[in-house]
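Hi,

Here is the structure I said I would pass on. Have a look through it first, and then read my notes below.

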Amino acid sequence: MHPLEQLEFPTRVAKRAQYEAFEFTLTDGGVVVRNGSHPDPSEHEYRVDVDEGLPTTCECPADDQYEGACKHRVAVAIRRPLLDAVAATNRPLAADGGSVDSSPTGSARSDDRSHTDDEVGPPVEASDCTDCFDEFPCWECVRTGRKELPE
């Protein structure tokens, strides 16, 4: 089951989770979400705990104050590579699904992926994609033109 199907949240939260300039840092058992849309992003940085592939809690005030998931939890839920990276125990993953290089620079690389940025995957109907969820298309479907981001 897709994580978004397990979370309750209003449309306003879903829209903000899509368009705000979030930055993500993996931590043990979760993700630190920084909102780059604010003039002082360091004042808008919160840890989202992930349990069995589901963003369960967030340190932000809204997660305690309002019913349903906050925008930070929804932002993590719509980014499957983040959830996969949190779950990975034997191989660290970059947020784009590539592997993390263990060299001193610690750079991310995506040379182990099944395609390059110039290749287009096999034709797949947008409705057949298992990574898309209603109005949240996956990056691969957007990148290849199978789906468009909602406005």
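Which element gives the largest share of the lining of the second largest pocket? Helix H2 does, with three residues. Keep in mind throughout that this is a predicted model.

Since I've started with that pocket, here is the rest of what I have on it. About 260 Å³ of space lies in the second largest pocket. Its lining is made up of 18 residues, and the ones closest to the centre are Arg12, Arg16, Ala62, Cys70 and Lys71. Besides H2, the elements that contribute two or more lining residues are helix H3 (61-65) and H4.

Now the overall layout. The protein chain has six helices and six strands, and along the sequence they follow the pattern α-α-β-β-β-β-α-α-α-β-β-α. Of the 151 residues, 34% are buried. If you take the contacts with a separation of 6 or more, 40% of them join residues that are 24 or more positions apart.

On to the interior. The largest nonpolar core has 24 residues, and Leu4, Val33, Cys58, Val74 and Val76 have the most contacts inside it. Helix H2 (11-19), strand S2 (30-35), strand S3 (45-51), strand S4 (54-58), helix H4 (71-77) and helix H5 (80-87) each put at least two residues into this core. The largest share is four residues, and H4 supplies it. As a general point, nonpolar side chains in soluble globular proteins tend to be buried together.

Val33 is a good place to start looking around in there. Beyond its neighbours within four places in sequence, Val33 is in contact with Phe22, Glu23, Phe24, His44, Glu45, Tyr46, Val48, His72 and Val76. One of those partners, Glu23, sits in strand S1 (residues 22-27) and is partly exposed, at 40% relative accessibility. Apart from residues up to four places away in sequence, Glu23 touches Val32, Val33, Arg34 and Gly36. Glu23 and Asn35 are twelve residues apart in sequence, with 6.4 Å between their C-alpha atoms.

Next, Arg73, which is in helix H4. Is this arginine buried or exposed? Arg73 counts as buried, because its relative accessibility is 11% and the cut-off for buried is under 20%. The Arg73 side chain reaches the backbone oxygen of Pro55 at 3.1 Å. Leaving out neighbours within four places in sequence, the contacts of Arg73 are Leu7, Val48, Pro55, Thr56, Thr57, Cys58, Asp63 and Gly68.

Strand S4 also holds Leu54, which is buried at a relative accessible area of 15%. With neighbours within four places set aside, Leu54 is in contact with Pro3, Gln6, Leu7 and Asp49. Leu54 and Val74 are 20 residues apart along the chain, and their C-alpha atoms are separated by 9.8 Å.

The loop between S3 and S4 contains Glu52. Glu52 is exposed, with a relative accessible area of 80%. Its phi is near 50°, which is a positive value in a residue other than glycine. For context, most residues other than glycine have a negative phi.

Then the cysteines. How many disulfides does the count come to? The count is zero. Cys58 does have a cysteine sulfur 3.7 Å away, in Cys60, but that is too far for a bond, because a disulfide needs the two sulfur atoms within 2.5 Å. Cys58 is buried, with a relative accessible area of 7%, and Cys141 is buried too, at 0%.

Last, a residue from the start of the chain. His2 lies in the segment before helix H1 (3-6) and is buried, with a relative accessible area of 7%. The His2 side chain reaches the backbone nitrogen of Leu4 at 3.1 Å; Leu4 is among the residues with the most contacts inside the core. Not counting residues up to four places away in sequence, His2 touches Ala77, Arg80, Asp131 and Phe133.

If you open just a few spots, I'd suggest Arg73 with the backbone oxygen of Pro55, the Cys58 and Cys60 sulfurs, and Glu52 with its positive phi.

Cheers

How values were computed
Residues numbered from 1 in each chain as written. Predicted model: local features only at pLDDT ≥ 70, side-chain atom pairs only at ≥ 80, totals over all residues. Heavy atoms only, no water. Core = buried A, V, L, I, M, F, W, Y, C linked by side-chain atoms within 4.5 Å. Buried < 20%, exposed > 50% of the residue type's maximum accessible area, 1.4 Å probe, protein only. Contact = heavy atoms within 4.5 Å. Polar contact = N/O pair within 3.5 Å; in protein donor to acceptor, adjacent residues only side chain to side chain. 1 Å grid on protein atoms, 1.4 Å probe; cavity = no way out; pocket = protein on both sides within 12 Å on 5 of 7 lines; lining within 4 Å. Points joined across faces, edges and corners; volume = space filled by probe spheres on them.
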